[in-house]
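Reader: Hi! I have a structure open and would love to talk it through with you. Could we go over it together?

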Amino acid sequence: MQTSLARRQRQRRLGAQRRPRGSGAGRAVAIALPLFLFSTLLLLGVGVFTGSVAAYTYLAKDLQDPRSTLEAISFTQQTTVYDRTGVVTLARLGDDRRDIVGFEDIPPELIDATTSIEDKTFWDNAGFDPLGFVSAAIDTIQGNDRGGSTITQQLVRARLLPESAFAGSIYERKAKEIIQSIRLTEAYPGEEGKKAILEKYLNQNFYGNRSYGVAAAANSYWKKELKDLTLAEAALLAGIPQSPTRFDLVKNAVEETYTDEDGKEQTRLVVPDTAEVVQRRNFILDLMKTRSVLTKDRYSDADYELAKAEPVILASQAADQWRAPHFVWQVREELGEILCGSTQCEAIDTGGYQVITTLDYRMQRIVEKWVWAAAIAPNVKDPKDVNRVLAARQIPKSEWGWIRSLRGHNIHNAAAGVTDYRTGEILAYAGSASYTAKGSKRLQPQFDVLSDGWRQPGSSIKPLVYVIGVEDRTMTAATMFMDVVANFAPSGAKAYTPTQADGLERGPVRLRNALQFSLNIPALKAGFINGLEHQFQRMKDFGLSYPAGAVAVASESIGTIEIHPIDLMSAYGTIGNGGVLVPHHTVQRVLDAGGKQIWPATNAKTAGTRVVSKAAAYIITDILAGNSKPDVNPFWGKWRVTDGISSSKARPAAYKTGTTNDNRDVHAYGYLAAPSKANLPALVAGVWMGNSDNSPNDGKLSLDTSAPLWSAILSEVSKDLPIEGFERLKPKGLETATVDAFTGMKPGPATRKTVKELFLPGTTPTRAADVTVTVDVDEATGLLWQEGCAGPMVSRAFLDFSGVESSFRNWQKANINWQKRAARGPGVSGGPEGTRTAYFYGGYPAFYPFGRTWGGTFPPTKTCPIAEPSPSICVETDPFSPCPSLEPPPNPGGGPGGGKPTPTPKPKP
């Protein structure tokens, strides 16, 4: 961070305050002039000493009004970042520590210790102590250098003199300092005035260890609030400002080994009793016996002696660890835009702002626990340690199986977040598996994958593809797509023939099933129906951003264009929010150093942008909700959300996973129904898994990785929320109709299975299913009829997909080829990629919700054979033309053994 002019000036002043005062005649002269001037003024009176009046007028002419100047003092402070409760401190932003406190927050022991050593007449003097000044001057001349400035003078020198006072001679500056101190005391009379001066002084002082003000010093040295300081600690702090560098407690400390209560050997920082700063503490405690004003009756001499014997043990000085560090960096960027209109904003580090963020720290710890368990635990060096580290992180045993199964499959990183999609507030945020983990090429802990990583979403992009088509009314949830491999490249270009991961072609599927079971070919076809450029631009309406130079391409519909995972999480939230995008953000409120809210305006409201209609969004939600139901989708439904991680009670959720073609990225995104109570969060969660160096895993799909991680996170963070379904959110006007289970059209004569489907008003199908052809067949053989077949001839309807998707010639050609193979049954290979025919949803394990069929049978390709003519029956009507005998001729040999007939055997008794 750059150092501001104000900060440089402050450091210069503090440096001047701490510089040695010199020696010999120079110091004596520096003291003599103001001493002579003010001694004369005090002894003779201003009214009878014209020369002194003239000198006073000259010296005071460029001094500002002390009251307005004191009130205008603004201290540079660290900005403090809190969670949404305003209680949990996530981070302090800025190099120098300072916490401004009021006089009433400063313990009287610390005040008495300070006045005892710095200004014993503070409560009574007029801002300047002539006797103390003379005494210090004499000591200085004698070589015993010490300051004679009052507390008021020290504050004036640091804060209430113009820059010009430091440009002139030291004599003139000292005189102006004394004049301004007297004026300041006159402007702040009485006890209340003294309190105001002392408050500024104790917040101003540098106490070493990068700490400004007593509150920051107490925290940095002992991790204590001021009210918890001991008498000895108060005296220690009071002694530091004389020389913060020399008396810095950390610099004076040594590391000591000790045995804790559990018998374990530990180390701590201890300042030796012989250290100069400890001796100074004891000297101050002795002074307090007679000089204390506020606590004079509170402590006995014995108490002070006990305080002098108290060991100086410091808190650990390990670097302050941010909580939710990736989130805090996002807060810093957003805060810069709020305060300065740019992420480069020095005010963040010096303004002392109090930032109340959106983070739910309970949820944050849950998310951090699970991403660590999923990405780091499986990769511990010794496989025997996996169970141990999972148990240490309180991962239920019921989840150990899928986590252990990740070992050895080259997945070393994970990221996840949770957002309230009604407000856009980020509730939990983990940009990597662990911010503090040991880094490697495959795990770069400090890199924030959620907001800074460009990752291919794979199939997790598909809900946006389909909701655009539904909104545009170019397709419905019942629209039939042929899941058949085709060439999607433009004419003359290299062929682009993507397949499903399992190498199967399922033929006719409706949009609902295509999305639920994440079929690639239907999604690609939907993209062309949407119009690739139109779809590309519409994706941005959901909050997605793309790398520079990204353009619309066919593969965008299956997630090959990189996005930021946090943006896709918001896009899912948009669907869950009835089509309204509320941009994600990290800051709720910003307060200034005095606690006054400066952002947002008190009457500001969270604004959202409608991206698609409520009805279109609900249709996609209804489809995605099936993925968490095992009876609808036994594959994805395995990882449904439950009421708590170890519960068997299901919680309705809508979700979709994604795996890139080369297994570099696996994702899962989904949301719960918005609660009936507006003050409860509407949760959407997103998960990414992979490697920082983009190396692919060895074949693990989202079902084995990101899906169980997503389920575990959302199950646990939602534990305290009521269980509510999506049905109550169904918008008015949606139509329900019965359609053919395969074609999505109105049931026709050949329909074998039907389902109920949701439609936007006016999009319900009116045309009966017509992917059939009527063919005359021979009933006896089931083959094509021709004259002479056994018969009888009957007319039957058979499947015929040859005319489907005729607007796209490549698709139609591929469909015809598939149909020829499908007529031979499932498992027949062919097409440009050698894929196999399969029923929906064939695979392993097999799942056939509509039977082992494509909705009917295909017409026969062979013709029935001509039948042999039947023999004519002879009727004897002419005795001269008898019918031929049908008796077999006698056996010339008389049977098997000779020429005689074989006798009829007689039955045995």
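Reader: Let's start with a small piece: in which sense do β27 and β28 pair, and over how many bridges?

Author: Happy to help, and please keep in mind that this is a predicted model. β27 and β28, the latter covering residues 835-837, pair in the antiparallel sense over 2 bridges. Within that pairing, G830 stands opposite T835 in β28.

Reader: Which strands form the sheet there, and in what order?

Author: The order is β12-β28-β27, giving an open sheet of 3 strands with mixed pairing. β12 (504-505) and β27 (829-830) each have a single partner strand, so they stand at the edges, with one side of each left without a neighbour in the sheet.

Reader: Which helix lies across those strands?

Author: That is α29, residues 809-822, which lies across β12, β27 and β28. The helix runs at about 60° to β28.

Reader: Nice. Zooming out, how many helices and strands does the protein chain have?

Author: There are 29 helices and 28 strands. The chain has 909 residues, and 52% of them are buried. Its accessible surface is about 41700 Å², with 52% of that belonging to carbon and sulfur atoms.

Reader: And what share of the contacts joins residues at least 24 apart?

Author: 69%, counted among contacts between residues at least 6 apart in sequence.

Reader: Switching to α27: is it mostly covered or mostly open?

Author: Mostly covered, since 10 of its 12 residues count as buried, meaning under 20% relative accessible area. The buried set includes A615, Y618, I619, I620 and L624.

Reader: What do those buried residues pack against?

Author: Both helices and strands. The helices are α22 (462-472), α23 (511-516) and α26 (565-576), and the strands are β20 (653-659), β21 (665-672) and β24 (754-759).

Reader: How far does α27 reach from end to end?

Author: From its first C-alpha to its last, α27 (residues 614-625) reaches 16 Å, close to the 16 Å expected at 1.5 Å a residue.

Reader: Now a residue I'm curious about, Q588. Where does it lie?

Author: Q588 lies in strand β15, which covers residues 587-591.

Reader: Why is Q588 called buried?

Author: Its relative accessible area is 18%, and buried means under 20%, so Q588 falls on the buried side of that cut-off.

Reader: Which side chain does Q588 make a polar contact with?

Author: The side chain of E425, at 3.2 Å. Leaving aside neighbours within four places in sequence, the residues in contact with Q588 also include R84, I356, T357 and W599.

Reader: I356 caught my eye. Which residue is its bridge partner?

Author: Y82 is the bridge partner of I356 in β8. Strand β8 (residues 354-357) runs parallel to β1, and 3 bridges join the two.

Reader: What about the side chains of β1, which way do they point?

Author: T79 and V81 point one way, T80 and Y82 the other way, and all are buried. β1 also pairs with β2 (residues 89-93) in the antiparallel sense over 4 bridges, and V81 has A91 as its bridge partner there.

Reader: What joins up between β1 and β2?

Author: The two strands form a hairpin with 6 residues between them, and G86 in the turn has a positive phi of about 75°.

Reader: Speaking of phi, which residues other than glycine have a positive value?

Author: Among them are A324, with phi near 50°, and R473, at about 65°. Most residues other than glycine have a negative phi, and most peptide bonds are trans.

Reader: Are A324 and R473 buried or exposed?

Author: A324 is buried, with a relative accessible area of 3%, and lies in the loop between β7 (312-314) and α16 (325-340). R473 is partly exposed, at 46%, and is found in the loop between α22 and β11 (480-483).

Reader: Last one: where are there cis peptide bonds?

Author: One joins G791 and P792, with omega about 0°; P792 is in the loop between β25 (772-778) and β26 (793-799). Another runs from F840 to Y841, with omega near -15°, and Y841 is in the segment after β28.

Note on methods: Residues numbered from 1 in each chain as written. Predicted model: local features only at pLDDT ≥ 70, side-chain atom pairs only at ≥ 80, totals over all residues. Heavy atoms only, no water. Buried < 20%, exposed > 50% of the residue type's maximum accessible area, 1.4 Å probe, protein only. Contact = heavy atoms within 4.5 Å. Areas by Shrake-Rupley, 256 points an atom, 1.4 Å probe, with all protein chains shown as cover. Polar contact = N/O pair within 3.5 Å; in protein donor to acceptor, adjacent residues only side chain to side chain. Pairing = 2+ DSSP bridges. Axes fitted to C-alpha atoms, helices over the stretch in contact; angles between N-to-C directions. Expected span 1.5 Å × (residues − 1).
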